[in-house]
Amino acid sequence: SVKPMWAIRIWSHLIRHPSASFKDVPDLPKAALHVLDGFAKFTTRVVKCATSGDGETTKLLIALPDGQQVESVIMHYDTRVCYT
């Protein structure tokens with residue numbers, strides 16, 4: 001069996017190194033490679049990315065495997081309310 005901690009390590013490595021394969025993940029157990037055989041690394045792709053002039057938001061247009069597209073907005077500011 002493969003420990004769940006490997007999911008985070010695999011994901012982190014592939015996000016930092018998008019062209020890497022599962023085999024490139026440092027110290028990945030052979031059992032994990034066997035489990036990952038046939039899995040796609042990424043099932044979506046960014047079609048378009050636009051950041052606002054003030055840098056506060058980024059809009060992403062994401063293509064899904066079925067051809068549909070989803071728009072997402074990343075807000076780079078802190079919206080938490082603090083009471084003192």
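**Two buried side chains, a sheet and a core**

Biologist: How long, in Å, is the polar contact that joins the side chains of Thr58 and His76?

Modeller: This is a predicted model, in which local features need pLDDT of at least 70 and side-chain atom pairs count only at pLDDT 80 or more, while totals for chains, interfaces and linings use all residues. Residues are numbered from 1 along each chain as its sequence is written, and side-chain values use heavy atoms, with hydrogens and water left out. A polar contact is a pair of N or O atoms within 3.5 Å; within protein, one must be able to donate a hydrogen and the other to accept it, and residues adjacent in sequence count only if both atoms are side-chain atoms. For the side chains of Thr58 and His76, the polar contact is 2.7 Å.

Biologist: Is Thr58 buried or exposed?

Modeller: Thr58 lies in strand β2; strands (E, at least two residues) and helices (H or I, at least four) are DSSP runs, numbered from the N terminus. Buried means under 20% relative accessible area, exposed over 50%, and partly exposed in between (1.4 Å probe, protein chains only). Because its relative accessibility is 8%, Thr58 is classed as buried.

Biologist: Which strands are at the edges of the open sheet?

Modeller: The sheet has three strands in the order β1-β2-β3, with antiparallel pairing; two strands pair if DSSP finds at least two bridges between them. Strand β2 (residues 57-63) is joined to β3 by seven bridges, and Thr57 has Met75 of β3 as its bridge partner. The strands that pair on one side only, and are thus the edge strands, are β1 (45-51) and β3 (69-75).

Biologist: Which element gives the most residues to the largest nonpolar core?

Modeller: A nonpolar core is a set of buried Ala, Val, Leu, Ile, Met, Phe, Trp, Tyr and Cys residues joined through side-chain atoms within 4.5 Å. The largest one has nine residues, including Trp6, Phe22 and Val25. The elements giving two or more residues to this core are α1 (5-16) and α2 (30-36). With three residues, the element that gives the most is α1.

Biologist: Which residue has the backbone oxygen that the side chain of His13 reaches at 3.3 Å?

Modeller: His13 is in helix α1 and, because its relative accessible area is 10%, counts as buried. Not counting residues up to four places away in sequence, His13 touches Ala20, Asp24, Val25 and Pro26, where contact means heavy atoms within 4.5 Å. The backbone oxygen that the His13 side chain reaches at 3.3 Å belongs to Asp24.
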